Amino acid sequence: MTHKERADLFLREQYHCSQVIFGAFAEDFDIDLKTAFKLSTCFGAGMRQGEVCGCISAALMVLGMAFGFYDAQNRELELYANKKTREFIEKFRERMDGDILCRDILAQDIRTVEDQEIIKQAGLILKKCPRAIHHSIEILEEMLAEHAQEMKKNEALIAEYESEMQELQKERQEKEALAKSSGEKNTDKWDLNILAGHDELQDIMKRNSRKHRFRRNVGELVYYSTKPIAFIQFDIRRFKIINDLYGERFGDEMLCFIIEKLKGLCNDRQYYLNLRSDVFMIVTEYESNEDLQSFIKKVDDSISSFRDISLQFSYGVYTVEDKNMELRQMEDRAAMARKAAKDNVITNILYYKEQFKELLYSRKFIEESMQSAIEERQFKMYLQPKYSIAKNQIVGAEALVRWIHPERGVISPNEFIPIIEENGYIREVDYFIWREAAEFIRRAEESGITDCPISVNVSRVHLQDNACKKELEEIIGQSGINKELLELEITETLDDQEISRKAYELKEEGFKLLMDDFGSGYSSLNILLETPFDVIKLDKKFIENMMVSEKGKLILEQVVMMANRLGLGLLAEGVETKEQVEVLRKIGCDLVQGYYYAKPMPADEFFELLQKNRISEK
Ligand code: C2E
Ligand code: CA
Ligand code: CA
């Protein structure tokens, strides 16, 4: 059935003109009729307030569906859609001999209920509206066909343009090489600069068209292929850090290297795209799961080292089950799997599971609730005591944040800290906990307990600039406490010069530094020698692993000895059993923190425990 035939049918069934037109095109956009009617009648009614004919409102909806503006990053699309809107109205005005308002088309006012009664009685809609409806449909059909043509032409142009740019690039490199070899600087500077500016602009254009072409190819592959299809999305682990350490230019070269490799690896039925920054996507057919696995391995092997550094990737894979699902949704599922793979320490390849959706929702939930959580003071400081095994005495505590959500209850820091480290809210949350910790120290001092340091966690985010030092100074100044009592726990994750330097500065300020999570991954014995820590906190997993074999116990013993020799304090975290306490005592690690002694508790509770502990000691 043609658009016009469908429209006539709806017209006879007495639908409004906006419903008639949008309904006639609904199928083109995979919209069911009921939704189409509901949408167009709302939109049409809104426009009618301005007396604009329903044909126009529905036609604009059709145009919006075809090439509307939906991506805030893509302002070009917005301009394009605006242009098309104006074009439609002009054409419509022309064919309707200037009548584009309902009142003019019907030769009757439409605003009041009485007006509408007259229209009905006189059967004006069936008499006057078909002309406007038919003109609208004709114009829309023309415009959509034209659009398809334009897209084709654009692609050809861009392909032509790409090869032209490659030529220019080659020419430029030759010029640069020539300038270098002849010892001259900036030969043809003007020429080179012009090209540089040109590149940037065209890059945006090229990227958009590449995305478009990728999606079209992928759409065809999914639709026509009889084999199973997989969406593989991957990114570089710690890309930001590599960028920071080696510079952006190095990062860019690395991305080019990956693209070149993919070009060589993928055949003409395997499509790849650099979605943004360090995120890539490959869509491929495959024969069996083993086949898919070995393809991913092949990709991984060929890109796993660039220059002298070895790269690690996180892969998320979605194997298509329902080919009718929207492409975007398939991409999203691969993206969810990739994000889950990022947090996984066991494997770097994960296949999509339904649970990932929940994970993503919880991430979204956390991001969206953070501001109100801060405003409504939903964060609380809990304290977990640290004990001396020999004295059976509390020697301090660690401050741990708890998010007490009014509906969801207590949310674990492991769930929200990594997310707020990315979006910057970590500063506010940590500063709050540091203040609470300082306040607790002051309160303990006032009651005569002056030897109970509280350690706070310092996310590595803070060690990137000077804001944290200023904040700490302010906190110390306002609370008037002894600096040494507010201890700072820092997790050393990489040999990062900048972070070590910042840590030194804090140490010089007079703060005591605790190295958190020692033995959990990145930290090495080297770090002990190089960084200025006062105390090492042995990670729970490290202790667990070490306890299970005689050899492990020996290593643990060596670490304890080494710390003693270097004059470093040592504290074992996550101590849960009597057996662990015994082993630690024997090898000379006296300080412990863990459920065996006490779980983290609200500050008031800890205050009572501390007072009791001090009284029993006397
Ligand atoms: P962390 O700094 O290593 O903190 C120790 C974690 O181990 C705490 O988990 C604590 O409750 C838990 N724990 C202590 N003893 C035991 C035990 O015997 N058995 C077991 N299974 N667990 C034990 P929590 O409070 O869930 O915190 C998790 C992580 O979140 C912390 O690890 C820390 O990295 C981060 N975090 C917590 N509070 C803050 C904060 O205020 N700021 C920042 N930046 N990070 C925080
Ligand atoms: Ca800690
Ligand atoms: Ca720890």
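The calcium ion (ligand 2) and the calcium ion (ligand 3) lie 4.1 Å apart, with Asp516 coordinating both. This arrangement belongs to a predicted model. Beside the metal sites, the model holds ligand 1, which is surrounded by 23 residues. Asp516 is among the residues closest to ligand 1, and Glu398, a donor to the calcium ion (ligand 2), also has a side-chain N or O atom 3.2 Å from an oxygen atom of ligand 1.

**The calcium ion (ligand 2)**

- Four residues coordinate the calcium ion (ligand 2): Glu398 through OE, Asn457 through OD1, Glu489 through OE and Asp516 through OD, at distances of 2.1 to 2.3 Å.
- Along the chain, the donors of the calcium ion (ligand 2) are spaced as E-x58-N-x31-E-x26-D.
- Distant parts of the chain are linked by the pair Glu398 and Glu489, which are 91 residues apart: Glu398 lies in strand S9, and Glu489 in strand S12 (residues 486–491).
- Glu398 has a relative accessibility of 3% and therefore counts as buried, the limit for that class being under 20%.
- Glu489 is likewise classed as buried, because its relative accessibility is 1%.

**The calcium ion (ligand 3)**

- The calcium ion (ligand 3) is coordinated at 2.2 to 2.6 Å by Asp516 (OD), Asp517 (OD) and Glu573, the last of these being listed twice through OE.
- The donor spacing of the calcium ion (ligand 3) along the chain is D-D-x55-E.
- Asp516 is in strand S13, whereas Glu573 is in the loop between strand S15 (569–572) and helix H22 (578–587); the pair therefore ties together parts that are 57 residues apart in sequence.
- With a relative accessibility of 7%, Asp516 counts as buried.
- Glu573 is also buried, at a relative accessible area of 12%.
- Asp517, by contrast, is partly exposed, with a relative accessible area of 22%.
- Asp517 is located in strand S13 and adopts a positive phi of about 55° although it is not a glycine.

**The shell around ligand 1**

- The closest of the 23 residues that surround ligand 1 are Arg402, Asp430, Asp516, Glu576 and Tyr595.
- Backbone atoms also approach ligand 1: an N or O atom of Tyr595 is 2.7 Å from an oxygen atom of the ligand, and an N or O atom of Val401 is 3.1 Å from a nitrogen atom of the ligand.
- On its own, ligand 1 has 790 Å² of accessible area, of which the protein covers 84%.
- By residue type, the shell around ligand 1 consists of nine nonpolar, six polar and eight charged residues.
- At least two shell residues are supplied by each of strand S9 (393–405), helix H15 (413–423), helix H16 (426–446) and strand S13 (513–518).
- Strand S9 provides the largest share of the shell, namely four residues.

**Local features around S9 and H15**

- Pro413 is placed in helix H15 and, at 19% relative accessibility, counts as buried.
- The C-alpha atoms of Pro413 and Val401 are separated by 6.6 Å, and the two residues are twelve residues apart along the chain.
- Asn392 is found in the loop between strand S8 (379–388) and S9.
- Asn392 has a positive phi of about 50°, although it is not a glycine.

**Helices H2 and H13**

- Helix H2 (residues 17–26) is largely enclosed by the rest of the structure, because ten of its ten residues are buried.
- The buried residues of H2 include Cys17, Ser18, Gln19, Phe22 and Phe25.
- Helix H13 (residues 327–342) has 16 residues, which should span 22 Å at 1.5 Å a residue; this agrees with the 23 Å between its end C-alpha atoms.
- The buried residues of H13 include the charged residues Glu331, Arg333 and Arg338, and among the others are Met330, Met336 and several alanines, Ala334 and Ala335 being two examples.

Definitions and conventions
Residues numbered from 1 in each chain as written. Chains lettered and ligands numbered in written order. Predicted model: local features only at pLDDT ≥ 70, side-chain atom pairs only at ≥ 80, totals over all residues. Heavy atoms only, no water. Near = heavy atom within 4 Å. Polar contact = N/O pair within 3.5 Å; in protein donor to acceptor, adjacent residues only side chain to side chain. Areas by Shrake-Rupley, 256 points an atom, 1.4 Å probe, with all protein chains shown as cover. Donors = N, O, S within 2.8 Å, 3.2 Å for Na, K, Ca; no water. Buried < 20%, exposed > 50% of the residue type's maximum accessible area, 1.4 Å probe, protein only. Expected span 1.5 Å × (residues − 1).
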